[in-house]
There are 2 protein chains.
Amino acid sequence: MDMDEMIERSQAVCDALSDDDDGLKREVLTHAGNRWSLGIVHTLGVGGRLRHAAIARRMEGVTQRMLTRSLRQLERDGLVLRHDYVEKSPRVEYELSDLGKRLLAQMIPLWLWVVDNADQFRQARMAFDNAQDNARP
Amino acid sequence: MDMDEMIERSQAVCDALSDDDDGLKREVLTHAGNRWSLGIVHTLGVGGRLRHAAIARRMEGVTQRMLTRSLRQLERDGLVLRHDYVEKSPRVEYELSDLGKRLLAQMIPLWLWVVDNADQFRQARMAFDNAQDNARP
DNA sequence: CAGTATCCTTGCGGATACTG
DNA sequence: CAGTATCCGCAAGGATACTG
C-alpha cells in the first residue's frame, strides 16, 4: 500500500465515521497518550500475567494511585483483564486481553519507528529552538 | 512477523533505550494524544499545503489559539513545515514534512484498526460500566 | 497487598479581546 | 490574515496517609 492509496483509504474511512466513532478513535488515542498506559500494555505483553506490585516494580516511577487508575482505564477499554482471587490476603492479577494483545501488536511497529527516527526528531527540535533563540534575543 | 517475535524485538529495543530515547518516544506519543495534532496531520496529508485559515475551516471546532499552538508543536517536532511569504498582508502556509508524511503513514493503519474494532471497545466499556453499577448500587 | 481518600500543582484546552 | 495576550475551568498526574 503506497502513501496516496493509504491517504485515500483513510479519507474514505474518516468521512464515513459517525460522531461516535470519531469520538471513540480520539479517546483511544488520547488514552494511548497517557503517561503510563502504553508502558503497562508493554509490560504485560512482555511479562504475561502479573500482580499489581509486580507491575509497579517493573515500571520505575509509577505511583500506586496512577497504576490503579491506569489499570482501571485499560480494563474499561477492554485491553486488560483483571483476575481477583478473592482471598483474605489480597491477590489480584492482570493480563492483556486479546484486544490488548492486538493493540500492542499495532503499537510496537510505531514505537520502533519513533526510536528509529529519534535523531530526526531531535535534530528538528534543535533547529527549531535555535531559530527561536535567534528571532528573540 | 508474529506476536512473540514482535514482542521480543520491542523488548530488545526498549532495553537498549537511553533515558533520552525513552523520553522522546513518550513525548511523541503524548503529542499524538493531544486534541488536535493528529487531526491536523491528517488534514495536511489529505489537503497538501494549506493556509492557517484553510486548516481551521476543515477542522470544525478548533480555536485560533489551539491551532497555532498545535502547529508550533508539530513544527518543533519536525512533522510540519511552515512557509512564511513575508508579505504585508500575512500569508503563511503549512505542509507535512517528509517525517510528518511518514508518521501519518504509521498512524493510518492504527486508525483503521481502531475503527475496525470500535464495536469491541464499546462492548467492553458497556460490560465494565454495568459491572460497576452492580457492584455499587 | 491492593487499593481509597485527600490535597496539591501543573498544563491542556477554551473564550475573548487585541495587533501588525 | 495570522497571529499574541489574558483569563479561566477542569482534569491529569503526583505526594502522602490511611484501610480491609
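**Exercise 1. Which residue is the bridge partner of R82(B) in β3(B)?**

Before starting, note that this is a predicted model: local features need pLDDT of at least 70, side-chain atom pairs count only at pLDDT 80 or more, and totals for chains, interfaces and linings use all residues. Residues are numbered from 1 along each chain as its sequence is written, chains are lettered from A and ligands numbered from 1 in the order written, and side-chain values use heavy atoms, without hydrogens and water.

*Solution.*
- Locate the strands, which are DSSP E runs of at least two residues, just as helices are H or I runs of at least four, numbered from the N terminus.
- β2 of chain B spans residues 80-85 and runs antiparallel to β3(B), with 6 bridges joining them. Strands pair if DSSP finds at least two bridges between them.
- A hairpin of 5 residues links β2(B) to β3(B).
- Read off the partner: R82(B) bridges to Y94(B).

**Exercise 2. Find the residues around DNA strand D and sort them by type.**

*Solution.*
- Count those that are near, with a heavy atom within 4 Å. There are 19 residues, and the closest are R35(A), R65(A), Q64(B), R82(B) and Y94(B).
- Check the DNA side: sugar and phosphate make up 58% of the strand D atoms within 4 Å of the protein.
- Sort the surface: 7 residues are nonpolar, 5 polar and 7 charged. Here Ala, Val, Leu, Ile, Met, Phe, Trp, Tyr, Cys and Pro are nonpolar; Asp, Glu, Lys and Arg are charged; the others, Gly among them, are polar.

**Exercise 3. Identify polar contacts to strand D (pairs of N or O atoms within 3.5 Å), then the elements that supply the surface.**

*Solution.*
- Start with the bases. An N or O atom in the side chain of R65(A) is 2.7 Å from a base nitrogen. For R69(A), a polar side-chain atom lies 3.0 Å from a base nitrogen.
- Move to the backbone of the DNA. A polar backbone atom of A53(B) is 2.9 Å from a phosphate oxygen.
- Name the elements giving two or more residues: α5 (64-76) of chain A, plus α4 (52-58), α5 (64-76) and β3 (91-96) of chain B.
- Pick the largest share: α5(B), with 4 residues.

**Exercise 4. What rotation superposes chain B on chain A?**

*Solution.*
- Superpose by least squares on C-alpha atoms of residues with pLDDT of at least 70 in both copies.
- The rotation is 180 degrees, with 0.0 Å of shift along its axis and an RMSD of 0.1 Å. That is a two-fold relation.
- Find the axis: within chain B, the C-alpha of G33(B) comes closest, at 2.2 Å.

Technical notes:
Polar contact = N/O pair within 3.5 Å; in protein donor to acceptor, adjacent residues only side chain to side chain.
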